[in-house]
There are 2 protein chains.
Amino acid sequence: MLTKKAKYGLQAILLLAKDYGKGPITIADLAQREGIPKKFLESILLALKNRNILYSLKGKGGGYVLARPPNEISMGEIVRHLDGPLAPVPCVSKTAYRRCEECEDERTCGIRLVMKRVRDSIADILDGTSLEDVLNMIDEARHEIQNRF
Amino acid sequence: MLTKKAKYGLQAILLLAKDYGKGPITIADLAQREGIPKKFLESILLALKNRNILYSLKGKGGGYVLARPPNEISMGEIVRHLDGPLAPVPCVSKTAYRRCEECEDERTCGIRLVMKRVRDSIADILDGTSLEDVLNMIDEARHEIQNRF
DNA sequence: ATATACTCTATATATTTAGTAGGCTATATA
DNA sequence: TATATAGCCTACTAAATATATAGAGTATAT
């Protein structure tokens, strides 16, 4: 399950992606528009900045902007940085592998064999979907709704 | 991330699947063989019994058995019952749908559009993999290791 | 100078996870 | 029918994680 942290982070970053190239947006503005506690969002955006997903400008007229264009930032990178590894068990994680202590032979662990498929599938989707892709998906969904009437 | 609860449950249930048809296995036996705290496993197996995944026999010679043959129990059913919905956000869950309060229009929410794909993919894998399938995967993995030498 | 806006450290609260303790109930079998 | 076996049920607790909040500090545009 996505935590609020990741969800808030994604909400804010999608606003930044939508207005990419139009200058910085303040934390206060993002927080208000999405109904996110300001102080909480502050710490989330800071984390994303440290990962070089966002860039910030201080002082008047300042705020946050994407550090890279929307097609160069994937959903996977964001979720991983805010919620940790995508893998359901650490022993199938590629970015944060950790052995299960008790596991006698990892290669023949049934749970691992299944969860590896799950991890690969999640990673394929999230790493294969950029912010630009998401914006396009939203547009498509909007058009579909229009065309129904 | 899978909780220990789900992991322990899966470990125990895979032992039961392997010896399906050979009579009941006690909690104490399962706990010892997998290094699981006995009392914790007790509550896990009870939950699986209430879901009609396991069946139990009391008294001497008693213990737990699968309530159905291994090909009729899916990984998805087990994980859902122990850890809750597979969906990363409640608004894309089929078994436990819940609306996001703040969300203005669910149909055009970017996070939802992406997470729906993730949910469907996880559900396809876990609901499409039975305990029998897992046992077969383990066997295949064993043979692969053999054939390397 | 001054207001704006991000940065950093510390703290608080709620919820979930991961257990533990102990008595109760049903059953096989001697 | 006594007894040991083995699951059932209720309650409690400790630790970790999630979800924030407070307040002082720092950089910057005007």
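**Entry 1: composition of the surface at the DNA.** I sorted the residues of the surface near DNA strand C by class and obtained eight nonpolar, six polar and 10 charged. I note that the model is a predicted one.

**Entry 2: residues around the strand.** I looked up what surrounds DNA strand C and found 24 residues, the closest being E42(A), K49(A), S56(A), Y64(A) and K39(B). I then checked which part of the strand faces the protein: sugar and phosphate make up 71% of the atoms of DNA strand C that come within 4 Å of the protein.

**Entry 3: individual polar pairs.** For S56(A), I recorded a side-chain N or O atom 2.9 Å from a phosphate oxygen of DNA strand C. I27(A) also has a phosphate oxygen of the strand as its partner, but through a backbone N or O atom, at 3.1 Å. For E42(A), I found a polar side-chain atom 3.2 Å from a base nitrogen of DNA strand C.

**Entry 4: contributing elements.** I listed the elements that give two or more residues to this surface: from chain A, α3 (38-50), β1 (54-57) and β2 (63-66), and from chain B, α1 (4-18) and α3 (38-50). I marked α3(A) as the element with the largest share, four residues.

**Entry 5: relation of the two chains.** I laid chain A on chain B and noted an RMSD of 0.0 Å, with a turn of 180 degrees and a shift of 0.0 Å along the axis. I therefore entered the relation as that of a two-fold axis. In chain A, I found the C-alpha of S121(A) nearest the axis, at 3.3 Å. I also compared the interface residues: 100% of those of chain A are interface residues in chain B as well, so the copies meet through the same surface.

Key:
Residues are numbered from 1 along each chain as its sequence is written. Chains are lettered from A and ligands numbered from 1 in the order in which they are written. This is a predicted model: local features need pLDDT of at least 70, side-chain atom pairs count only at pLDDT 80 or more; totals for chains, interfaces and linings use all residues. Side-chain values use heavy atoms; hydrogens and water are left out. Copies are superposed by least squares on the C-alpha atoms of residues with pLDDT of at least 70 in both. Contact means heavy atoms within 4.5 Å. A residue is near a molecule or strand if one of its heavy atoms lies within 4 Å of it. A polar contact is a pair of N or O atoms within 3.5 Å; within protein, one must be able to donate a hydrogen and the other to accept it, and residues adjacent in sequence count only if both atoms are side-chain atoms. Ala, Val, Leu, Ile, Met, Phe, Trp, Tyr, Cys and Pro count as nonpolar, Asp, Glu, Lys and Arg as charged, and the others, Gly among them, as polar.
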